[in-house]
Each structure stands twice: as structure tokens, then as C-alpha cells.
Amino acid sequence: MPEAANLETAKSDVLQLDRELSRMEQKLLFPNRSLVLFGMSPTLEAKRLTIKLSINGRLVATQQLAQIQLDSLRQGGKLELWADNLRRGNHQLMIELQTDTTTVLLQEKINLNKRQNRNVVGIQWVEPNRVNPSQFRWVEWPDYD
């Protein structure tokens with residue numbers, strides 16, 4: 001019967017190989033994978049929220065969030081709004097929000113110049129102020145693995 005230490009080493013090796021295989025599979029299937037994450041400031045209030053994301057004028061994601069999901073976002077959680085291949089070059093992203101308390105649609109467009117094969121774009125819904133009059137903060141992390 002094999003020793004427990006050898007079994008643990010074998011399990012660890014198998015898990016490591018599984019992670020590497022998964023990473024290689026992602027690079028093969030999604031060589032230009034872009035990921036758009038959504039978060040929100042802890043002070044914003046809403047009981048329901050509808051989020052729409054358009055890329056280059058095409059609606060690519062719609063999410064309706066309830067109170068429990070919004071509570072998680074207020075505590076620093078991030079929602080994976082969209083993930084797919086997006087070629088290098090210039091793209092226009094538009095975020096639209098509709099809350100349960102407003103009839104006004106919050107929206108903003110940005111131009112993204114994608115220079116890396118793989119990147120992450122973070123969008124955070126924030127309260128506007130004198131320094132940042134926008135309702136959104138945009139962040140890009142290029143070349144993730």
C-alpha cells in the first residue's frame with residue numbers, strides 16, 4: 001500500500017497538471033480573451049440594477065442584479081460581465097445602468113485601444129465628485145494569465 005505522503009504528492013502533481021492544462025486550453029480557445037468586470041462603490045444605494053454592456057455598438061451583455069448581488073458588490077465583489085475574444089485595436093465600450101430608484105439611464109462610452117492579446121477591463125460605478133465628475137471609473141489590466 002502506498003504511503004500517505006506519496007499519495008499527497010501525487011494528488012498535488014495532478015492538480016498542478018490540471019491547472020496548467022486549463023491555462024493552455026484557455027490560451028488556445030481564447031487567444032485574444034478580454035474580460036470585463038463590474039464593481040460598485042459601497043455607498044451607492046439600489047435594490048435592483050440592470051446593467052448593459054455594448055462593444056462597438058453591439059449589445060454583448062445584460063445582467064439584472066437583485067439586492068443580495070448588490071450587497072456583495074458593495075463589499076468589494078466583482079461581477080464578470082462579459083468574457084470573449086476581442087481582437088487588438090480600437091474598440092468602443094458603452095456601459096448602461098438602470099436602477100430601481102431612477103428613471104434616468106446612466107451611461108458612458110469609452111474608447112479602448114487594446115494592445116495586448118489578453119486583457120481585463122474593470123468598470124466601477126462610483127459617486128461623481130469634483131475630481132471625477134463621471135459616474136464610472138474605468139481600469140484596464142493588460143496581458144493577464
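The legends below accompany an overall view and several close-up views of a predicted model.

**Figure 1. Overall view of the predicted chain, which has two helices and eight strands.**
Read along the sequence, the elements follow the pattern α-β-β-β-α-β-β-β-β-β. Buried residues account for 33% of the 145 residues in the chain, and about 9500 Å² of the chain is exposed, with carbon and sulfur atoms supplying 52% of that area. Among contacts between residues at least 6 apart in sequence, 61% join residues at least 24 apart. The pLDDT averages 85 over the chain, with 89% of the residues scoring at least 70. Among the elements, the lowest mean pLDDT, 79, belongs to helix 1, and the highest, 96, belongs to strand 3.

**Figure 2. Close-up of the largest nonpolar core, a set of 28 residues.**
The residues with the most contacts inside this core are Phe38, Ile51, Leu81, Ile95, Leu97, Ile123 and Trp125. Strand 2 gives the most to the core, contributing four residues. Phenylalanine 38, leaving aside its neighbours within four places in sequence, is in contact with Leu49, Ile51, Leu73, Gly77, Lys78, Leu79, Leu81, Ile95, Leu97, Ile123 and Trp125. The view may be read against a general tendency: in soluble globular proteins, nonpolar side chains tend to be buried together.

**Figure 3. Close-up of the salt bridge between glutamate 8 and lysine 11, one of two salt bridges counted in the model.**
The closest N and O atoms of glutamate 8 and lysine 11 are 3.3 Å apart. Both residues belong to helix 1, which spans residues 4-29, and because they are three residues apart there, they are separated by about one helical turn. Glutamate 8 has a relative accessibility of 46% and therefore counts as partly exposed, and lysine 11, at 49%, likewise counts as partly exposed. In general terms, side chains of opposite charge can pair when their charged atoms come close.

**Figure 4. Close-up of the salt bridge between arginine 74 and aspartate 71 in helix 2.**
The side chains of these two residues meet with an N to O distance of 2.8 Å. Helix 2 comprises residues 67-74, and within this helix arginine 74 and aspartate 71 lie three residues apart, about one turn of the helix. Arginine 74 has a relative accessibility of 11% and so counts as buried, whereas aspartate 71, at 31%, counts as partly exposed.

**Figure 5. Close-up of serine 34 and its polar contact with asparagine 119.**
Serine 34 is found in strand 1, which runs over residues 33-40, and because its relative accessibility is 3%, serine 34 counts as buried. The polar contact joins the side chain of serine 34 to the side chain of asparagine 119 at 2.5 Å. When neighbours within four places in sequence are left aside, serine 34 is in contact with Trp82, Ala83, Asp84, Leu86, Lys114 and Asn119.

**Figure 6. Close-up of serine 54 and of asparagine 56, a residue with positive phi.**
Serine 54 is found in strand 2, and with a relative accessibility of 10%, serine 54 counts as buried. Not counting residues up to four places away in sequence, serine 54 touches Leu59, Val60, Gln92, Leu93 and Met94. Asparagine 56 has its place in the loop between strand 2 (49-55) and strand 3 (58-65). Although asparagine 56 is not a glycine, its phi is positive, at about 55°; for comparison, most residues other than glycine have a negative phi. Asparagine 56 counts as partly exposed, with a relative accessibility of 43%.

**Figure 7. Close-up of proline 128 in the loop between strand 7 and strand 8.**
The loop that holds proline 128 lies between strand 7, residues 119-125, and strand 8, residues 136-142. Proline 128 is partly exposed, with a relative accessible area of 40%. With residues up to four places away in sequence not counted, proline 128 touches Pro133, Ser134 and Gln135.

How values were computed: Residues numbered from 1 in each chain as written. Predicted model: local features only at pLDDT ≥ 70, side-chain atom pairs only at ≥ 80, totals over all residues. Heavy atoms only, no water. Buried < 20%, exposed > 50% of the residue type's maximum accessible area, 1.4 Å probe, protein only. Contact = heavy atoms within 4.5 Å. Areas by Shrake-Rupley, 256 points an atom, 1.4 Å probe, with all protein chains shown as cover. Salt bridge = Lys/Arg side-chain N within 4 Å of Asp/Glu carboxyl O. Polar contact = N/O pair within 3.5 Å; in protein donor to acceptor, adjacent residues only side chain to side chain. pLDDT = per-residue confidence, 0-100. Core = buried A, V, L, I, M, F, W, Y, C linked by side-chain atoms within 4.5 Å.
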